[in-house]
Amino acid sequence: MMNVKNNKFALLLAASAVSLALTGCGGDDGTDGNPGDPGGPAADVVNVLNLDVTKVTYQDGMPTIEVFATNEEDIPVVGLQDLGVTAAQLTPMGATGAGNSAQWTRTARVSGTDSYIDNKNGSYTFTLELSEYNADMTQRFNVTAGGKDSTLADGTTSVPRREIVKDFSGEGYQALYTKNIVSHETCTSCHAEGEPITRRHSSYYTQETCATCHSSSMSEEKQWNHLIHNIHNTAKTFEDKKGNEYTGEAAEALIQNNCKSCHVEPDADSGELTEWGNWTRVPTMETCTSCHVDIDFKAGKGHSQQNDNSNCIACHNASWTEEIHTDGFVEKKALIDQYAMEATLTAVATDSGSDTTLSITITGADGAAIDAATLLTNIEQLESITNVGPNFPIMGYNPSPGNGEHKVLINLVKNGTLDENASIVDGKFVTTISNLPYGEVGADTDTAFSFIGLALCNDGTDLVACGEGVDSTSMKAELAHGTLSGEAPSVRHTDSVNFAACESCHGTEWELHQEYHAGFVMTEQLGRINEAGEMIVGVDGCVACHTPDGTYMSGGNKGALEMKLHSLHSGGDYGIIKGLQCSQCHNDFNLDAFKVKGALATSSGKYSTPIAATCGSCHSHSDSFKPHAEGQGAIIDGSYEAANDAAQLETCFLCHNPNINDHTSVKM
């Protein structure tokens, strides 16, 4: 065995081991044991591929590693054709210079059947030639296999994608230290599990794989600590060698440069991210310039001149670094939590039709009502959007064949000024809407509903009078229902998408449409209790605007909620949800909801039946989609009358039986 010893490294590693409070492996060999001969047949079906590095030995500095593969039933998988290993070693913090962060260096990369021995019992043996090796350093093995078009040696058994990393000491024992800052689960709260994490590399699915490869072996801008920040904000744009442009716009809009969106403290019980706080403790020029692109450290531009990272921590200590990067978000959350709204919608019949009165109470953190007059000058916008028919709204932004009416949008307050159609009564904001197009008693259209947004002017911590140059923050939205008949209101089904799924990406302070409206922070304020006594939080209010007729573009942007959410999240500029990962947002498919829907605007002035329109929000690019759907009674891009009349004649669900785990499933 070759051991490249270095006293400096040994001392640094000892210090790292103490600081991370990790223990060694004792006297055993640190591996998971030899799987041995399975004594049974190999897997002939692989729905789930499990990989593990079970043994690492060294001879003259060359590691031989044993990888063991099983399927979902723990049966050995024999005949993998595209198994690969990337090896890297970890230079500890400060080893290459004071203040420098720990860095992975890629030392080998092999794949394909020529690079390993298939032992025909589920185990595979690699012998790697490393470009560099130090036995005092942590050694990582990133194992990958499977994916699109991958099969076993039989050429027919498909193999799903699997990627793992496993870290060892330089002698094949348990690693004493590693660099694990952000978890895979944090990434998949936005990026779909089981789908490529980027367009550049359509074969790689985990950030651990990315970090292993984008190491110190590459140029500074391609190293992971720089690149990962770069692609999540708009500070600079770049193209990869395939011509894909990365602007960071979608990521910045989503996580809003909030470091704690990704740098999440692990649960007390997990202890898996030993260096999750690294982002505040180890500031470096390489990481900081990924966002702060106006700084040239060595030239002294935008920052005091410095040639290395040795003095960064003298000014940028951990607590200050955290404060300057997160205080704004902490203060914003505190401000949002100080105020909320409660609203009622009451309709009465009149000689000319009806009057529907919306009453809005602003409340404090303790739930106590606040006199509206005392807040008037602090309100940048108090906006209500009212529609009729929660399950299939009949009003729209623009006149439409279905109702001939405009959607009712009222700014009760704008820039501290009360609208002429609003008033303050008993400390509440009140407005009355005449002659909403109510339907018959018991119908969905017997119910009106108002979605309410509130934006308050503030200096970051306290409310201030609104005026030019004054910032505003959106507050928690509210939703109110009321009926003309006085009967219990109809409410939109909320068992398809639970808003908690939205929060997993957007967080709890995301200001939806803040640039167009007052902004809607949709949290528990939109909740209601279901029959089981559980709090249900849906996207009910969105359909006040995202009606069957679309929004301001009259359907040209597939603006109905049934289509807009799919087209926005699965393609276009955002495209976060990829592949068949419906479960990333959906907790169920309520197929019965289509029984109360009619025509949806799918292009300018043209309408489609609701099932076809919804499916077409993702599948319309397929040449076979239109003839297939029309063959099942659907209307695509026809007249409103034709699509509405045929809305309940589609026979899609006679064959299709979609569920969130496989939306392509059919009835057999």
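Why is the disulfide of C457 and C466 right-handed? In this predicted model, the torsion about the S-S bond of C457 and C466 is about 105 degrees, so the disulfide takes the right-handed form. The sulfur atoms of C457 and C466 lie 2.0 Å apart, and both cysteines are buried. C315, in contrast, takes part in no disulfide, as the nearest cysteine sulfur, which belongs to C312, is 8.9 Å away. With a relative accessible area of 57%, C315 is exposed, because the cut-off for that class is over 50%. A further cysteine, C505, has a relative accessibility of 17% and therefore counts as buried, the limit being under 20%. The count of disulfides comes to one.

A step back to the whole chain helps to place these details. The chain has 668 residues, of which 48% count as buried. Its secondary structure consists of 15 helices and 25 strands. Among the contacts in the chain with a separation of 6 or more, 66% are between residues 24 or more positions apart.

The interior can be followed through its nonpolar cores. The largest of these has 34 residues, and I360, L382 and F429 are the ones with the most contacts inside it. Two or more residues of this core come from each of several elements, including helix 9 (318-338), helix 10 (372-375), strand 12 (353-364) and strand 14 (379-388). Strand 15 (408-414), strand 18 (428-434) and strand 19 (447-457) also belong to that group, as does strand 11 (339-350). The most is given by strand 11, with five residues. Another core lies apart from this one; it has 30 residues, and V46, V85, Y116 and Y133 are among them.

Y116 leads on to a loop residue, D82. D82 sits in the loop between strand 2 (62-70) and strand 3 (84-91). Its relative accessible area is 28%, so D82 is partly exposed, falling between the limits of 20% and 50%. Leaving aside residues up to four places away in sequence, D82 touches Y116 together with G112, T144, A145, G146 and S150. D82 and T113 are 31 residues apart along the chain, yet their C-alpha atoms are separated by 6.6 Å.

Helix 12 offers another view of burial. This helix covers residues 561-570, and its buried residues are L561, E562 and M563. Strand 24 (600-603) and helix 13 (610-619) are included in what covers them.

What remains is the empty space inside the model. Rolling a probe the size of a water molecule over the atoms shows where such space is left. One cavity of 30 Å³ or more is found in a search of the whole structure. The space in the largest cavity is about 30 Å³. Its lining is made up of H184, C187, T188, H191, A192, E195, P196, I197 and Y205. Sorted by class, this lining has five nonpolar residues, three polar residues and one charged residue.

How values were computed
Residues numbered from 1 in each chain as written. Predicted model: local features only at pLDDT ≥ 70, side-chain atom pairs only at ≥ 80, totals over all residues. Heavy atoms only, no water. Buried < 20%, exposed > 50% of the residue type's maximum accessible area, 1.4 Å probe, protein only. Helix = DSSP H or I, 4+ residues; strand = E, 2+ residues; numbered from the N terminus. Contact = heavy atoms within 4.5 Å. 1 Å grid on protein atoms, 1.4 Å probe; cavity = no way out; pocket = protein on both sides within 12 Å on 5 of 7 lines; lining within 4 Å. Points joined across faces, edges and corners; volume = space filled by probe spheres on them. Nonpolar A, V, L, I, M, F, W, Y, C, P; charged D, E, K, R; others polar. Core = buried A, V, L, I, M, F, W, Y, C linked by side-chain atoms within 4.5 Å. Disulfide = S-S within 2.5 Å.
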